[in-house]
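Colleague: I am new to this structure and would like a close look at one part of it, namely the side-chain links that join pieces of the chain. Could you take me through them slowly, with the surroundings of each partner?

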Amino acid sequence: MRMRHSLALTVLAVATACSSPTSSSELSREINALRASTTRYQSFDAAVADGYGTKLTDCMVDSSLGGMGVHYAKSTLIDGTVSVTTPQVLLYEPHIIPYTLRSRSATPPVLFGQQFKQNDGFQLWGLHAWVWRNNPSGLFADWNPSVSCNAAH
């Protein structure tokens, strides 16, 4: 039985210098560019074929905050740079910057005008951008109350 995956894109990146949108229209342009560049990844098979095959987590869920889903990386992109149209990690429902590349004490990277958050459990910086699934908690919230891990094996 083939599992159906739906895409909730997460941008998790290693960055040394990032641009920040200066207006809501610029942010909209960048989010639209991200959506356009990831449309094909609504097919999980297309994502794997393009190199997003490194599974970083099982389906993640928090009983009070909601879920994140399963994180898949294209490890060749985790190189200290960040691009609006080339995410390093895709999140699938059933956001990476390792501290080794950017120390925990460093200034947080910024993308879409948002500071990346520290995740000490995984020893990385991350930023979630829910561009393919509505998140009532917000476009850049870590957890999404609409995401469920009930179908995860």
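Modeller: What follows goes through the disulfide and then the salt bridges, pair by pair. Please keep in mind from the start that this is a predicted model.

The count of disulfides comes to 1, and the two partners are cysteine 59 and cysteine 149, whose sulfur atoms lie 1.9 Å apart. The cut-off for such a pair is 2.5 Å, and the distance of 1.9 Å between the sulfur atoms of cysteine 59 and cysteine 149 is given for a pair that forms a disulfide. Because the torsion about the S-S bond of cysteine 59 and cysteine 149 is about -75°, this disulfide is left-handed. As for the surroundings, cysteine 59 is buried, and cysteine 149 is buried as well.

Turning to charged side chains, a general remark helps: side chains of opposite charge can pair when their charged atoms come close. In this model the count of salt bridges comes to 4, and I will describe some of them, including the one in which the side chains of aspartate 58 and lysine 55 meet, with 3.0 Å from N to O. Aspartate 58 has a relative accessible area of 54% and is therefore exposed, whereas lysine 55, at 46% relative accessibility, counts as partly exposed.

Another salt bridge brings together the side chains of aspartate 120 and arginine 104, with 2.6 Å from N to O. This pair links distant parts of the chain, 16 residues apart: aspartate 120 sits in the loop between strand 10 (117-119) and strand 11 (124-128), while arginine 104 sits in the loop between strand 7 (97-98) and strand 8 (110-111). Aspartate 120 is partly exposed, its relative accessible area being 37%, and arginine 104 is likewise partly exposed, with a value of 40%.

A further salt bridge joins lysine 117 to aspartate 142, where the closest N and O atoms are 3.6 Å apart. Since lysine 117 lies in strand 10 and aspartate 142 in the segment after strand 11, the pair ties together parts that are 25 residues apart in sequence. Here lysine 117 counts as partly exposed at 38% relative accessibility, and aspartate 142 counts as partly exposed at 21%. The value for aspartate 142 is best read with the cut-off in mind, because buried means under 20% relative accessible area, and aspartate 142 stands at 21%.

Conventions
Residues are numbered from 1 along each chain as its sequence is written. This is a predicted model: local features need pLDDT of at least 70, side-chain atom pairs count only at pLDDT 80 or more; totals for chains, interfaces and linings use all residues. Side-chain values use heavy atoms; hydrogens and water are left out. Buried means under 20% relative accessible area, exposed over 50%, partly exposed in between (1.4 Å probe, protein chains only). Helices (H or I, at least four residues) and strands (E, at least two) are DSSP runs, numbered from the N terminus.
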